[in-house]
Amino acid sequence: MSDTTRKIVAPLVFILGILGLWEFLVWWNDLPDFRMASPSDLLPRYMQYGELFIVKSWETLWRTVVGLALAVVFGTLVGMIMGFSRFAREGLYPILVGFNAIPKATVVPIVALMFVGQHDFNTILIAFMISFFPIAVSVSIGLSTLEPEYRDILRSLGASNFTIFWKIALPKTLPEFFGALKVAVTLAFIGTNLMEIVSPHGRGLGDLFDSARINSDYPLMFAVLFALAALGIVLFYVVVLLERIFAGWAERAPG
């Protein structure tokens, strides 16, 4: 089996196996759908609300991607500042750690009230806030651990900090950066979904989940969770593809 085929077949085998086990356990324990919906209970909901799922999924996806893109831009900039300046690193790092330690579920209602009616903005803002930290930290660590000899040589040749970052630090930090980006993808979806549920004017899959909860439509709630998982997987593998393009040299074959 080729490496490409294995990477496609292996996830499918495990996903189908988990779904089959889930279906069996629900059937074996004779659980009603208001306690635990089975995978077969979800198919009628996808068929009934197919067009709505497409619209809601797109609303969730584009806001998540925009928030994640902003986190990449500003996280990289802040990481550069912290990486090149020890003073900035020692000053900013405790602030970032403290903010990241605050449960985002407590921040979401505050942001929803501050920007009530501006659903696109507050949803993107939460996706940005929740995924910003790992990117900034990964870039900062990569730059701060850069061998000083490289910096001294390039600076003696008149290179700016940006040139040092682009020529030396960026390639060195790419593996850590993409590792952090994979984490940030899932965090961004969490932030988006939380805001869509809490916001009075929420839209997207979170809004659909909340509507299903209010109407006690448990199979629809599970169907929304599966749709969110599918979006997360798709975006995760987009990051994996970008990693192979820009940092494929760092990938090591398993022993």
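Helices here are DSSP runs of H or I with at least four residues, strands are runs of E with at least two, and both are numbered from the N terminus. By that count, the protein chain has ten helices and zero strands. This is a predicted model, where local features need pLDDT of at least 70 and side-chain atom pairs count only at pLDDT 80 or more, while totals for chains, interfaces and linings use all residues. Residues are numbered from 1 along each chain as its sequence is written, and side-chain values use heavy atoms, with hydrogens and water left out.

Let's start with the overall picture. The C-alpha atoms fit a box of roughly 70 × 55 × 30 Å along the principal axes. Of the chain's 255 residues, 39% count as buried (under 20% relative accessible area, with a 1.4 Å probe and protein chains only).

Now pick out H4, residues 86-101. Its 16 residues should span 22 Å, because the expected span is 1.5 Å times one less than the number of residues, and its end C-alpha atoms are indeed 22 Å apart. Still, H4 bends by about 30° at Leu-92, with Pro-94 following within four residues; the bend is the angle between axes fitted to the seven residues ending there and the seven starting there.

H4 also helps line a cavity. The largest cavity is lined by Leu-96, Phe-99, Asn-100, Met-129, Phe-132 and Phe-133 (on a 1 Å grid over the protein atoms alone, a cavity is a set of points where a 1.4 Å probe fits but cannot get out, and lining residues have an atom within 4 Å of a point). H4 and helix H6 (119-144) each supply at least two of the lining residues.

Technical notes:
On a 1 Å grid over the protein atoms alone, a cavity is a set of points where a 1.4 Å probe fits but cannot get out, and a pocket is an open set with protein on both sides within 12 Å along at least five of seven lines; lining residues have an atom within 4 Å of a point. Buried means under 20% relative accessible area, exposed over 50%, partly exposed in between (1.4 Å probe, protein chains only).
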